[in-house]
Amino acid sequence: MARITFYTKIGCLTSQKQLALLQEAGHQVLLQDLLAHPWTAEELRSYFGGLPVQDWFNPNATRIKSGEIDPEAYAADEALAVMLQDHLLIRRPLMESGGSRRCGFDPAVIHDWVGLARHGDAFVFRGDLSSCSNPGAVASACP
């Protein structure tokens, strides 16, 4: 199985579900604090691959939900600059395994990348693995 470095906001309920799904598949997951990591623009950019810039942003971030930040208004360099100032704007998780990096948690994409445990046509965990699991949380608790 894969060894995966998994950057997320520690304590995020959705990330805990994602982590459990990876571990259920037998992967060794090294949990890292996305908010505390000393990101550089180059390192951060390497996780986004060919995703459109607006998909680099965490749609559950308070500043995005409030309309203060419009992800579609940013060019790549501007997006990276604002994310380096506010790590809560970064879509999570960021994952690395075997020299390959990914952003976000689409179970089908992750399954094709490293494999996830399945029961028939469904993944072990059924439910949304990209939205905030605690939508009523105060800003400091989530996103």
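Trainee: Let's start with T8: which strand is T8 in?
Mentor: T8 sits in strand β1, which covers residues 3–8. Keep in mind as we go that this is a predicted model.

Trainee: Got it. Is T8 buried or exposed?
Mentor: T8 is buried, because its relative accessibility is 1% and the cut-off for buried is under 20%.

Trainee: And what does the side chain of T8 make a polar contact with?
Mentor: With the side chain of S15, at 2.3 Å.

Trainee: Which other residues is T8 in contact with, leaving aside its neighbours within four places in sequence?
Mentor: Besides S15, the list has L31, Q32, D33, L34, L35 and R92.

Trainee: How many of the residues of β1 are buried?
Mentor: Five of the six, so β1 is largely enclosed by the rest of the structure.

Trainee: OK, strand pairing next. How many bridges join β1 to β2, and do they run parallel or antiparallel?
Mentor: Six bridges join them, and the two strands run parallel. Strand β2 spans residues 28–33. If you want to find the pairing on screen, look for I4, whose bridge partner in β2 is V29, or for Y7, which stands opposite Q32.

Trainee: Which helix goes with β1 and β2 in the β-α-β unit?
Mentor: That is helix α1, residues 13–24. Together, β1, α1 and β2 form a β-α-β unit that is right-handed.

Trainee: What about β1 and β3, parallel or antiparallel?
Mentor: Antiparallel, with three bridges between β1 and β3, and β3 takes in residues 94–97. Y7 turns up again here, since L94 is its bridge partner in β3. For F6, the bridge partner in β3 is M95.

Trainee: Which strand does β3 join through four bridges?
Mentor: Strand β4, residues 100–103, and that pair runs antiparallel. One pairing to look at is S97 with S100 in β4.

Trainee: How many residues lie between the strands in the hairpin of β3 and β4?
Mentor: Two residues, and G98 in that hairpin has a positive phi near 60°.

Trainee: While we're on backbone angles, which residues does the cis peptide bond join?
Mentor: R92 and P93, with omega about 0°. P93 belongs to the loop between α4 and β3. R92 came up earlier too, as one of the contacts of T8.

Trainee: Changing topic: which residues touch the most other members in the largest nonpolar core?
Mentor: Those are F48, F57, M83 and L94, in a core of 20 residues. Helix α4, residues 76–85, gives the largest share of this core, with four residues. There is another core lying apart from it, made of 13 residues that include A2, F6, I110 and V114. As background, nonpolar side chains tend to be buried together in soluble globular proteins.

Trainee: What does F48 touch, not counting residues up to four places away in sequence?
Mentor: W56, L80, M83, I90, L94 and C103.

Trainee: C103 makes me think of cysteines. How many disulfides does the structure hold?
Mentor: Zero. As for burial, C103 counts as buried because its relative accessible area is 15%. C12 is buried as well, with 6%.

Trainee: Now the far end of the chain. Where is A117 found?
Mentor: In the loop between α5, residues 107–113, and β5, residues 118–119. A117 is buried, with a relative accessible area of 16%.

Trainee: How many residues apart in sequence are A117 and A25?
Mentor: They are 92 residues apart in sequence, but their C-alpha atoms are 4.6 Å apart in space.

Trainee: Nice one to show people. What pattern does the protein follow along the sequence?
Mentor: The order is β-α-β-α-α-α-β-β-α-β-β, made up of five helices and six strands.

Trainee: Last one: what percentage of the 143 residues is buried?
Mentor: Buried residues account for 43%. On contacts, take the pairs of residues at least 6 apart in sequence: 67% of those contacts join residues at least 24 apart.

Conventions
Residues numbered from 1 in each chain as written. Predicted model: local features only at pLDDT ≥ 70, side-chain atom pairs only at ≥ 80, totals over all residues. Heavy atoms only, no water. Core = buried A, V, L, I, M, F, W, Y, C linked by side-chain atoms within 4.5 Å. Buried < 20%, exposed > 50% of the residue type's maximum accessible area, 1.4 Å probe, protein only. Contact = heavy atoms within 4.5 Å. Polar contact = N/O pair within 3.5 Å; in protein donor to acceptor, adjacent residues only side chain to side chain. Pairing = 2+ DSSP bridges. Right-handed = clockwise from strand over helix to strand, strands pointing away. Disulfide = S-S within 2.5 Å.
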